Amino acid sequence: MVKNLKSKALNKQKNKLRGLIAKVRSNAFQKGFNLDPSYVYCRGVKEIYLDSRTKLSPHEFEYFLNWVDEQSRTVASDIYVSKPRYADLVGVISSGISRCDLETELLWVTHILMNQSHKINEFIKFNKELEELILSEKIKGAISLIEQFDKKHGTSLYTHENRIALESLDGGLEKQKSYVAEVRSKN
């Protein structure tokens, strides 16, 4: 009987993702909302993740995370593309988050890290290449590397901070201001 309940919880979380995909793909007009579908999808997945860590049993974490990743790459590939924007830097989801005990939270985080290890390794490689370019004073190459990384993985506070500093080194305060204005205008 307990196994059935766990399966129901897993199916419910999977259905939430399916519903999110359908919602994002629908062309229904919503007054006051003009959000990019990829932003709505990525934000919704984060909310589903936060909910799933308390709803699923720890033995279901890995399966669910792999399933969400597969759905994002296949079924939702057209809306999973992260488009770098200033609004993406808006941080933490603070409302409607259920709490769980420390052990469950650590298990969830462990499974997230295992599931995303390839992206973490790509970031480590990117960071090493960026450092090498900066230390060898190849500023334009470093800016180009950041642009490529942002196109592939989406924007981050880390890449924005580095890009702002590099723009200043490459073209002074005016180039730095120009980049910051460009990022803000993509909001």
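How many Å does helix α7 (residues 157-185) span between its end C-alpha atoms, when a straight helix of 29 residues would span 42 Å? Select residues 157-185 in this predicted model and place a distance between the end C-alpha atoms: helix α7 spans only 16 Å, against the 42 Å of a straight helix at 1.5 Å a residue. Now centre the view on G171, where α7 has a kink of about 135°.

**The whole chain**

Zoom out and colour by secondary structure, and the protein chain shows 7 helices and 0 strands, so that the order of elements from the N terminus reads α-α-α-α-α-α-α. If you colour by accessibility instead, 32% of the 187 residues count as buried, while the exposed area of the chain comes to about 12200 Å², of which carbon and sulfur atoms supply 56%. Among the contacts with a separation of 6 or more, 71% are between residues 24 or more positions apart.

**The largest nonpolar core**

Next select L17, L20, Y41, V45, Y49, F64 and V68, which, of the 19 residues in the largest nonpolar core, touch the most other members. Showing α1 (2-25), α2 (37-55) and α3 (58-73) as ribbons is useful here, as each of these helices supplies at least two residues of this core, and α1 gives the most to it, with 6 residues. In soluble globular proteins, nonpolar side chains tend to be buried together.

Keep L17 selected and display its surroundings: leaving aside neighbours within four places in sequence, L17 is in contact with Y41, V45, I48, W67, V68 and Q71. Elsewhere there is a second, separate core of 9 residues, and F126, I139, I143 and L145 are among them.

**An aromatic pair between helices**

Turn now to the rings, for which the count comes to 7 aromatic pairs. One to select is F61 with W108, an edge-to-face pair with 4.9 Å centre to centre and 85° between the planes. Because F61 lies in helix α3 and W108 in helix α4 (residues 102-115), this pair ties together parts that are 47 residues apart in sequence. Both partners are under the 20% limit for a buried residue, with F61 at 0% relative accessibility and W108 at 5%. Then select F123, F126, F149 and Y158, which ring pairs link into a cluster.

**Back to α7 and its cover**

Which residues of α7 are buried? Select T159, H160, N162, R163, L166, E167, Y179 and V183, which are the buried ones, and then show α5 (117-135) and α6 (139-153), which are included in what covers them.

Among these residues of helix α7, T159 deserves a closer view, with a relative accessible area of 0%. Leaving aside neighbours within four places in sequence, T159 is in contact with F126, I146, F149 and D150; of these contacts, F126 and F149 also belong to the ring cluster with F123 and Y158.

**A last stop in a loop**

Finally, select E137 in the loop between α5 and α6. Is this residue buried or exposed? E137 counts as exposed because its relative accessibility is 67%, which is over the 50% limit. Its backbone merits a look as well, since most residues other than glycine have a negative phi. Phi of E137, by contrast, is near 60°, a positive value in a residue other than glycine.

Notes. Residues numbered from 1 in each chain as written. Predicted model: local features only at pLDDT ≥ 70, side-chain atom pairs only at ≥ 80, totals over all residues. Heavy atoms only, no water. Helix = DSSP H or I, 4+ residues; strand = E, 2+ residues; numbered from the N terminus. Expected span 1.5 Å × (residues − 1). Bend = angle between axes of the 7 residues up to and from the residue. Buried < 20%, exposed > 50% of the residue type's maximum accessible area, 1.4 Å probe, protein only. Contact = heavy atoms within 4.5 Å. Areas by Shrake-Rupley, 256 points an atom, 1.4 Å probe, with all protein chains shown as cover. Core = buried A, V, L, I, M, F, W, Y, C linked by side-chain atoms within 4.5 Å. Phe/Tyr/Trp six-rings, centres within 6.5 Å; stacked < 30°, edge-to-face > 60°.
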